[in-house]
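Visitor: Please take a close look at one residue and the residues it touches. I should then like to see how side chains pair and pack elsewhere in the model.

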Amino acid sequence: MGDISGTLRDVKQEPIDPKLESEINDLADTFALCRIVGNDLEPRHKVGQSLSNVRFILDNEPEFDGVRKLWLINRIFNAETEAKIIGLLEERGQTYRRIAFDPEEYQSIGYSFDTFKQPDMFYDGHLEIDSTSTRTTQAVMQAYRARNNYVMHNNGARNAALEFCLEYGKWALPFDGNCFLTSSGWARLHSNILEARDKRYFVVPMARITNNQDLLEPNNTFSAEEEPQLVFRCDAPLRFNEDLPYGRRPKVELFMHLGIEGPWTRWPVEDFDIPPRRVHPDGHRVGQAGWVARLASGKAHLEQADRKAFVNRGLARASAIRSTLDMLSARPVRATFAQHQALSYDLTTAGPAQSEDWAAVREAAQQALDRGPFSVTQKPEPGPSGDLRDYFHPAPYWWPNPNSKDGLPYVRRDGERLPGTELYEPESDRFDRTRLQRVFDDTTALALASTLQGADPSFHAHACSILRTWFLDAETGMKPNLSYAQVRLGHQGNMGAAHGVIETKDFYFLLDAVRILRDSHITDHMKEWSAEFFDWFTDSVQGRQECRAANNHGTCYDLQAASLAAFLEKEDYLQAIDLRAQARAISTITPDGDQPHELQRTLTQHYWAFNLQSWVNLFDLLSAAGLRPWQSEAGERVRVGLRRMLMLSKQNWEHPQIKPFDGNRLLPLNETLKNQTGEDILGRAESDGPVSFFPHDGVAPFWRLTRLGR
């Protein structure tokens, strides 16, 4: 927390230049009043309130001698609303300017983490994205800063309105669009300014109005004690700080910069807020003039003059900002959902390498016809739960304790896998991991093959059979949880570890297979199963712990969460995951591209490549869903990581790697960097690599058919 830097008493008053003052005094005291009309923000404002306010002002505000009235239309994103407001202004012969809202420009704006000392607060448990705490709300608002500054354009519009005013008058009144001047209010404002022409700034207190009609009663009086507006003399050098977002006190920062006393000087400044500027010498040239009415917002319960209403206004404002920005960001996401297209695979590719892949797809599908369907009930005995339908797999790097008779509790051997935990090895049928991978890979091969011209109908049928047997059948279907994945016997009541959540990391391409099959019965029932699994995934102890991981487990958690949220068309969750993932990338990949958390292992080259591949998979999926992580600061951090990985590998890897590393795994990473930047560090064609990699490598089968940073 912090407060303003210094006070007006600490600042030396600069002498007034008599010559300049004489020149200013010789100017006619003309006034320009520009009102900034922006978006209606539910639930802070009533829908249609901006238009209603403009109409009320035009119908009822008196004309004032020597005042030029102007209007600034500020990035209104609802085209119909904007057209109505502009139509009304033109009908009444008003002078206005328009700052347009560009949807494409908005979509290209990422999250802002530069003011956060530790962006990991967005995933490490200190700050839950879906929490309603004040600090969480404020932190999210700060992360939304660049988007907020574009759409709300709060201080940016104030400065634009100020410059607009100075084209028409000596005194500029860049006021909010809900400001209304009565005859008596203007008379006091006007006379106060003319009585103190040496001042460069005038504070104009506001009276909060709950019923606009009250302003039309000549005998009514109003208490003007609300956050004021500012008037600027034409030579006033200071401007509003455009870096500050709406909802984080953007206007009052200039008050503090001018040393203007008020309740805002006691408001806390969070450690992630942009701190206010130090008090400026011009603070000695501030006066007070008249008052202005603040028209009703359409939400009367938020306009009361008490502490509860004040707090509720802040909460409603924050909710309105976030919901508005999320709504705008979700527009391309909803359009993507409506297409029901694959998100990881790009089935439009048809180059020479892809021809080889399609031949391999057909061959893999033929082999898959001779396997399965598979079920968790096929293991010889259940796991610790005693229920065969519960997925079970031991933690791979945990072994019986050689120092105890019963081998409990198990002990860790990093890089050495317990027999039966390696995919496809003879003993692996004792557990569920190999069968699960067969479900992922065989279903995907069959679904892809089913799209080929003249495809065998059994490809589609067998893929559906695998999905029904593993997920949907009441007798053979896996229960929607991973409560017994990576069990370390003798630990935590024999419940699965958080790391076990990674065993379904390949959901991202399995759910693409479901989309490709286009079987409504399978899709509907898979959504039912996935919804239950998503609840477990996000609410379970294992899921919450895995979400907080700073290494590849956290990356894979976000990959799974994003794939499930996209499949279930949960656009709000998808955007929260995008925010969390971008914060995670910036926190866990250094500016030089190193991955410190993956260097703590004995297989560092493997984990560097695996984690980067998971980032590619995640960012490609989010991009295909309509979001733009590749265009963000986090996207650049991943590109730097790719470049670093490829260069270090090309120069001979110098970190611990106790097992041989397959250099072909670098090809998908190189191809991604090539698609993103045009750089080709390896100098090898993508066709040099295998059609598919081992599942532990984190590369989707038939990887050349995926997006790879495109």
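Guide: Two residues are said to be in contact when heavy atoms of one lie within 4.5 Å of heavy atoms of the other. The model discussed here is a predicted one. The residue chosen is serine 649, which belongs to helix α20 (residues 633-650). Apart from neighbours within four places in sequence, serine 649 is in contact with Gln605 and Leu666. A residue counts as buried when its relative accessible area is under 20%. Serine 649 has 13%, and therefore it is buried.

Burial leads on to the nonpolar cores. The largest of them has 129 residues, and Phe122 and Leu574 are those with the most contacts inside it. Helix α19 (residues 604-624) supplies the largest share of this core, 10 residues. A second core, separate from it, has 27 residues, including Ala32, Cys34, Phe164 and Trp264.

Aromatic rings may be considered next. A pair of such rings is described by the distance of the centres and the angle of the planes. The whole structure holds 38 aromatic pairs. In one of them, the ring centres of phenylalanine 116 and phenylalanine 122 are 5.1 Å apart and the planes stand at 70°, so this pair is edge-to-face. Phenylalanine 116 is buried, at 6% relative accessible area, and phenylalanine 122 is buried as well, at 1%. Phenylalanine 440 and phenylalanine 509 also form an edge-to-face pair, with 6.3 Å between centres and 70° between planes. This pair links distant parts of the chain, since phenylalanine 440 lies in helix α12 (residues 433-449) and phenylalanine 509 in helix α14 (residues 507-517), 69 residues apart. Phenylalanine 440 is buried, with a relative accessible area of 0%, and phenylalanine 509 is buried at 1%. Both belong to one aromatic cluster, whose members include Phe471, Trp529 and Tyr557.

A ring may also lie beneath a charge. The charged end of arginine 35 is placed over the ring of tryptophan 71, 5.1 Å from the ring centre. Likewise, that of arginine 488 sits over the ring of tryptophan 398, at 4.6 Å from the centre.

Charges may meet each other too. Side chains of opposite charge can pair when their charged atoms come close. The model has 51 salt bridges. Glutamate 63 pairs in this way with lysine 69, their closest N and O atoms being 4.0 Å apart. Here glutamate 63 is exposed, at 63% relative accessibility, whereas lysine 69 is buried, at 12%. Arginine 200 and aspartate 235 form another salt bridge, with 3.1 Å between the closest N and O atoms. These two residues are 35 apart in sequence: arginine 200 is in the loop between α8 (183-194) and β6 (201-208), and aspartate 235 in the loop between β7 (226-233) and α9 (250-257). Both arginine 200 and aspartate 235 are buried. They take part in a network of salt bridges that also includes Glu21, Arg233, Asp282 and Arg285.

A helix completes the tour. Helix α2 (residues 49-60) has 12 residues, which at 1.5 Å a residue should span 16 Å; its end C-alpha atoms are 16 Å apart, so the two values agree. Among the buried residues of α2 are Leu51, Val54, Phe56 and Leu58. The buried residues of this helix pack against β1 (31-37), β2 (67-74), α3 (79-91) and β5 (179-180).

Conventions. Residues are numbered from 1 along each chain as its sequence is written. This is a predicted model: local features need pLDDT of at least 70, side-chain atom pairs count only at pLDDT 80 or more; totals for chains, interfaces and linings use all residues. Side-chain values use heavy atoms; hydrogens and water are left out. Rings of Phe, Tyr and Trp (its six-membered ring) pair if their centres lie within 6.5 Å; planes under 30 degrees apart count as stacked, over 60 as edge-to-face and the rest as tilted. Buried means under 20% relative accessible area, exposed over 50%, partly exposed in between (1.4 Å probe, protein chains only). Helices (H or I, at least four residues) and strands (E, at least two) are DSSP runs, numbered from the N terminus. A charge sits over a ring if NZ of Lys or CZ of Arg is within 6 Å of the ring centre and within 35 degrees of the ring normal. The expected span of a helix is 1.5 Å times one less than its number of residues. A nonpolar core is a set of buried Ala, Val, Leu, Ile, Met, Phe, Trp, Tyr and Cys residues joined through side-chain atoms within 4.5 Å. A salt bridge is a side-chain nitrogen of Lys or Arg within 4 Å of a carboxyl oxygen of Asp or Glu.
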